[in-house]
Amino acid sequence: MNLPFNIDLNNKIAAVTGGGGILCSGFSKVLAQCGAKVAVLDLRGENAQAVADEINKSGGEAIGISANVLDKESLLNAKKEINEKFGKIDILINGAGGNNPKGTTSKDYYEAGDETKEDVKTFFDLDPSGIEFVFNLNFLGTLLPTQVFAPDLIENKGSIINISSMNAFTPLTRIPAYSGAKAAVSNFTQWLAVHFSKVGIRVNAIAPGFFLTDQNRALLIDENGNYTERSQKIVNNTPMGRFGETEELSGTLLWLLSDGASFVDGVVVPVDGGFSAYSGV
């Protein structure tokens, strides 16, 4: 991966949750290229290990760990392994997250009578268990790793990067659970920045716009490899007229972790191709 610029992360240790996914595997590789030792954490241990193997093959240093961000015992075990193999961490990236179909409607707008149609899932059909899953994964999946790893960060005066979303600023249609959960992540980022401000931990977040990932690919690309109707809406409302590339998050990540951002705390940075600036007119 080509770095937009380099920062010195030699002798730094990073833990990346959700590190087996497309965006966070990219973060893991960027950190390793800058010299950090990287612990790639993912619920899917084989995915975490595959990313770690790629980093090691490229000359970096990484370990892959199976960890559940909703299970504190699992996270404590992961922390123990990281501490034993690498030492205490300096950087935590809370990247685990996602949506669930049970917290999603099938139409942008409710119309009278929709609730009688078998093929339409309305607001009234949203499943509390699905909404709970989404909030737990995104919000608790940020809070719990922070509880587990923050003692290391306090000692090392480290940095936390949370992953929010453009949904946190303006909710997208159809996905109320995901939008609300990411809004909670943004709010928590600000709260946590204040809470840890006296012990030297900086807490910030990146809010990606629209990037193709394993989770959203089926919604955005059809079986013929073309944009779906929803993709076309996204692109039409993104002034730069395209989806982002994983590498385009690297500059913001490195800036937030750099000494040059030493007075930046509690911010949520959009990386969205102008989506949040465009009114649609």
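**Exercise 1. Place Ala 36 in the chain, and work out why Ala 36 counts as buried.**

Start with the address: Ala 36 sits in the loop that links H1 to strand S2 (37–42). Keep in mind that this is a predicted model.

Next, check the exposure. Buried means under 20% relative accessible area. Ala 36 has 2% relative accessibility, so Ala 36 counts as buried.

Now look for what touches Ala 36. Skip the neighbours within four places in sequence, and you find Leu 9, Lys 12, Leu 31 and Glu 61 in contact with Ala 36.

Finally, compare sequence and space. Gly 60 is 24 residues away from Ala 36 in sequence, yet their C-alpha atoms are 8.0 Å apart.

**Exercise 2. Go through helix H1 (residues 22–33) and find how far H1 reaches and which of its residues are buried.**

Take the length to begin with. H1 has 12 residues, and at 1.5 Å a residue you'd expect 16 Å; first C-alpha to last, H1 reaches 17 Å, which is close.

Then count the cover: nine of the 12 residues are buried, leaving H1 mostly covered. The buried set is Leu 23, Cys 24, Ser 25, Gly 26, Phe 27, Ser 28, Val 30, Leu 31 and Ala 32. Leu 31 should ring a bell, as one of the contacts of Ala 36.

Last, see what comes after the helix: Gly 35 follows H1 and has a positive phi, near 105 degrees.

**Exercise 3. Test the span of helix H5 (residues 176–195), then find what covers its buried residues.**

Do the span check. H5 has 20 residues, so at 1.5 Å a residue the helix should span 28 Å; the end C-alpha atoms are 28 Å apart, in agreement.

List the buried residues. Among them are Tyr 178, Lys 182, Val 185, Phe 188 and Leu 192.

Now find the cover, which includes helix H4 (128–156) along with strands S5 (159–163), S6 (202–208) and S7 (268–271).

**Exercise 4. Zoom out and test the whole chain against the compact globule rule.**

First, the inventory: eight helices and seven strands.

Second, the rule. For 281 residues a compact globule would have a radius of gyration near 19 Å; the chain has 19 Å, so the two agree. Along the principal axes, the C-alpha trace spans about 60 × 40 × 35 Å.

Third, burial and contacts. Of the 281 residues, 49% count as buried. Among contacts with a separation of 6 or more, 71% come from residues 24 or more positions apart.

Fourth, the surface: about 13600 Å² is accessible, and carbon and sulfur atoms hold 52% of that.

Conventions: Residues are numbered from 1 along each chain as its sequence is written. This is a predicted model: local features need pLDDT of at least 70, side-chain atom pairs count only at pLDDT 80 or more; totals for chains, interfaces and linings use all residues. Side-chain values use heavy atoms; hydrogens and water are left out. Helices (H or I, at least four residues) and strands (E, at least two) are DSSP runs, numbered from the N terminus. The expected span of a helix is 1.5 Å times one less than its number of residues. Buried means under 20% relative accessible area, exposed over 50%, partly exposed in between (1.4 Å probe, protein chains only). Contact means heavy atoms within 4.5 Å. The radius of gyration is taken over C-alpha atoms; the globule rule is 2.2 Å times the number of residues to the power 0.38. Accessible areas come from the Shrake-Rupley method with a 1.4 Å probe; for residues, only the protein chains shown count as cover.
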